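Here are a few exercises to work through with the model open in your viewer. Try each task before you read its solution.

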Amino acid sequence: MMQTLASAQPDILQKMIFGETPAPSEAAAWSDGLFLMITWFSIFCFVILMALMVFFVIKYRRRPGVPAQPSPHHNLHIEILWTVIPSASMLVMFVYGFWGYSYKIVSPDNALEMRIQGSKWSWIATYPNGSSSPETQPLSKMIVATDTSTSVTQGKEYPIFYVPENTDIRLRMMSTDVIHSFWIPEFRTKMDVVPNRYTGFGFRTPKLTANDTVIYHDAETKKNTTIAGRDMWVFCAEYCGDDHSRMAATLRIVSQEVYDQKMADWSVQLSPIDAGKKIWTQICKSCHETDGTRLVGPTWNSVKNSDGQFGFGYDAELADGSSVMRDANYYRESILDPNAKVVKGFAPAMSSYQGQLSDEDIDNIISYIQSLSDRNPNAGEDAGSSETESDTEAAGSDS
Amino acid sequence: MSTPDTHAGHHDEGSYLSGPPGTISRIWQWASTIDHKKIGVMYLFAVLFMFFLGGMSAMAVRYELLDPIRTQTTEFLNASGEIEIVTVTTGESLKELLGAMGIGDSLTGSQIYNRAFTLHGAIMVFMFIIPAIPAALGNFFLPIMLGAKDVAFPRLNLMSWYIYLFGCTFGVLSILLGGVDTGWTFYTPYSTTTDADHWRVVLMVMAAFILGFSSILTGLNFVVTVHKLRAPGMGWFDMPLMIWALYATSIIQVLATPVIGITLLLLVFERLFHIGIFDPSLGGDPVLYQHFFWFYSHPVVYVMILPGMGIISEILAVHSRKHIFGYRAIAFSSLGIAGVSFLVWGHHIFTAMGELAAILFSGLTFLVAIPTAIKMFNWIATLYKSSIVINTPMMYALMFLFTFSIGGLTGLPLATLATDLHLHDSYYVVAHFHYVMMGGTVIAFMGGVHHWWPKMFGKMYNEKAGMLGAAIVFVGFNLTFFTQFFLGTQGMPRRYANYVDEFQTLHVLSSIGAVLLLVGFLIHAAVFFFSLKWGEKAPANPWGGLTLEWECESPPIEHNFHKEPILKHGPYDFETVVPPHCDPKDYPLPENPGKH
């Protein structure tokens, strides 16, 4: 193992640069140390140059009638010296940089591989068992539910990716549309997420300490509990359009037991509506609301508002003036070839999910969209199924 | 100087600024001029106007970032026991501002922000900083410093000016139609797929394409002028360093700009005809675009900074009355930078390329730092045993040494692969390139404008007000951008309208700095205005310079020199020559001049 250049007890400079918490992994600490080494080198050079400049400006200020004293026009020895010293210093930086780079990019063979999918403007992480996280939390940590009757949340919820502590993680990433970049600032690493090509990097999660706690929000009971864990931000670092600055996620490091429990919970077979709802949370929600709100795309709810009436079973007025019934085939086409029929007043901003979503996924999404409408042909059959209370409420709320 | 005049006809000529009576004939005289000085002055006011537009969009960006955009949803039970949902969005500062002006209702706060930063980048890069020094100051001074009457191809010069105007028209049209949100880099596949009304993106890309031709023609003109029109007696190593810098710049412009022309044309074809070069859904490669783009846009970084370095060499020598230390080292490092600049484009793509390529480009990138460091040391060494006067141009030159050193040194962690993976596309990069582009080029440009202002317009400016403006710009600049280094290392990505709460303090400080910058530049604008209107007449050689532009009158006559100048001394022989038009009492010479 290579010697870490950064101190485990961060000094003031280190805290100013990287924040209060020390780097969570050895690779990150190593890169911080390299940064500090370059910073000290830079400060040293800068102070010498500026001190000389200020000294000369004061000492050789112009005095009327006094000419500038002669001095050599060049000096080969000094010029060789100030070429060789910077070159040598930069060679050192290059070699250390190369070392640290391989340290960050390469991960052991037994690393846990997660697949990351980026799309405008959300992230999905898929685990080795095929499941993915349905949990979300708001951007601001300051605002949490206060009691059961009043709750305050951010408008946009960000997915929480659970990873076990003290484990090597490897990411295999791809984008479905434009270029994104997956950045975990605390691990000091990012990599672009490109369509039609896999990229990736690795990191080792730290061991949790007694101070590492996070608030766990149970979506069903709406209760908050404190569990051992550590949250880190994930940001999209490559500009990707309208909601680029809201393309975030939380990486939550938890104990192996909690992680295993989550894996077991999430791999349970869901009903089509719940499965569709889960896909909506992960992908569709950034552009399509289900409460009547207008986002980049139309709402899926059948609530009548100033934009007209949306939802399954209603006519859609298209940009070219014609209208078309919103039936299952309309939704299928809109997912696979979104620009074929664009609703009036909306930009053709959606890209195709051909090849991204399976036929089963599309069936499930359509089931979920149906369940939101008061013209749901399956309403009677659903009543006896495993559909949850809240979904039925949402479906019938406008009648 | 006292040799009999054989070139009759130039004595009684007036200043280039004097023209025929009547507004229309004056406008026609300027619009149809092939005089490099008039073209340079027209460029100067055009780029200053573009600097103003780009600066205003920067102010819009800083205004939005005072406060993150937040959507807050509150659920509560109302009196009748039903759940009520209230959604409030706060922090959409620009949207509110535009709403008050009655425009832009259909866009969200983030969409407006994305247009604002794209405008800032596109205007500043393509319409301000690339033409700023070569086309404005370069056009005016390159022929005079060489002792020529004009550039080699005066009509071609007028043509590049009109191409520049034509390109700017496309850009402004795109803005007036609603603006683009691609960022100034037009990365694919975002730029080929965004936005239904794609004519705006096409217009903006075409603007950059057309502006490229203006740049190529100016570069070509300068290369030929330097080769063919040097005054008798002026060898290559008797040229002022400003000329060396402009020469290196022109070579880059001629060689690199055609590549961006082809790339932007491919982008337009991709958008309009879906030919499938960059868009992966059509079988293309999106990263290929980045390689093409940076193959031009990295060398062009040196198109921006090299002329600035040339200006700094001139200002430091004249205002400290000292021979430049290591003249040849500075001249060759300009050419060295121009050469190496073609080999380092990959460092813009470290996070999207293979490991081997990343390692190679990291090594090559360090190479480009060495000639830059050498120039820095030479400038500081020039000040040794000199005679320094502090005025506005010299203040800007010293500020350049300060801010450009920070800009250069903070580039080291970006060339270092391990640390770049963290800093790439963060605010650290934003801070770094503003220290280089603004702390380098813009500061040098401001210094150059003040240095040559008396020569260009024949009027002095108010020195104290100029120095006050420079001091405010210095403080404002450092407050605006030094804070952004910390934002970057702590995890703030660039091009974000919205951010997590812990970054707000630094963002507010940065925005305060931007206001100071605006105040500083407004003071400069007022100083220039007062100088043109009421400034006292400038002497032919106010600073005691030795290069040829100080031998002609202020402002120069139409053909620059009354007779063809013959070079009798080097550009920096302050130890042995009393500057032209100067009183030897004010310019005492040392008794034992130094050895060469």
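**Exercise 1. Find where helix α15 (residues 427-457) of chain B is kinked, and say what follows the helix.**

Solution. This is a predicted model, so treat the geometry as the predictor's version.
- Step along the helix to B:His451, where there's a kink of about 40 degrees.
- Look a little further on: the kink comes shortly before the proline B:Pro454.
- Go past the end of α15(B) to B:Gly458, which has a positive phi, near 70 degrees.

**Exercise 2. Decide whether α15(B) is mostly covered or open.**

Solution. Here a residue is buried if 20 or more other C-beta atoms lie within 10 Å of its own. By that test 27 of the 31 residues in α15(B) are buried, so the helix is mostly covered.

**Exercise 3. Describe the side of chain A that touches chain B.**

Solution.
- Start with the contact itself: 85 residues of chain A meet 89 residues of chain B.
- Next, sort the chain A side by element. Those supplying at least two residues each include the helices α1 (12-18), α2 (26-59) and α3 (76-105), along with the strands β7 and β11 (223-236) of chain A.
- Pick out the top contributor: α3(A) gives the most, with 16 residues.
- Finally, split this side by class, and you get 47 nonpolar, 26 polar and twelve charged residues.

**Exercise 4. Work out how domain 2 of chain A meets domain 3 of chain A.**

Solution.
- Get the bounds from the domain assignment: domain 1 of chain A is 12-61 + 74-105, domain 2 is 112-266 and domain 3 is 272-396.
- Count each side of the contact: domain 2 of chain A puts in twelve residues and domain 3 of chain A eight.
- Class the domain 2 side, which has four nonpolar, five polar and three charged residues.

**Exercise 5. Check the confidence of each chain and of the model overall.**

Solution.
- Take chain A: its mean pLDDT is 82, with 86% of the residues scoring at least 70.
- Compare its elements: helix α9 (residues 389-396) of chain A has the lowest mean, 39, and strand β7 (residues 180-184) of chain A the highest, 96.
- Flag the weak stretches of chain A. Residues 141-155 stay under 50, with 31 contacts beyond four places in sequence; residues 382-399 also stay under 50, with 21 such contacts.
- Turn to chain B, which averages 90, with 93% of its residues at 70 or more. Its residues 1-9 fall below 50 and make four contacts beyond near neighbours in sequence.
- Round off with the overall scores, ipTM 0.91 and pTM 0.87.

How values were computed: Residues are numbered from 1 along each chain as its sequence is written. Chains are lettered from A and ligands numbered from 1 in the order in which they are written. This is a predicted model: local features need pLDDT of at least 70, side-chain atom pairs count only at pLDDT 80 or more; totals for chains, interfaces and linings use all residues. pLDDT is the predictor's confidence in each residue, from 0 to 100. Helices (H or I, at least four residues) and strands (E, at least two) are DSSP runs, numbered from the N terminus. Two residues are in contact if their C-beta atoms, placed from the backbone, lie within 7 Å. Ala, Val, Leu, Ile, Met, Phe, Trp, Tyr, Cys and Pro count as nonpolar, Asp, Glu, Lys and Arg as charged, and the others, Gly among them, as polar. The bend at a residue is the angle between axes fitted to the seven residues ending there and the seven starting there. A residue is buried if 20 or more other C-beta atoms lie within 10 Å of its own, exposed if 12 or fewer, and partly exposed in between; C-beta atoms are placed from the backbone. Domain bounds come from an automatic or database domain assignment.
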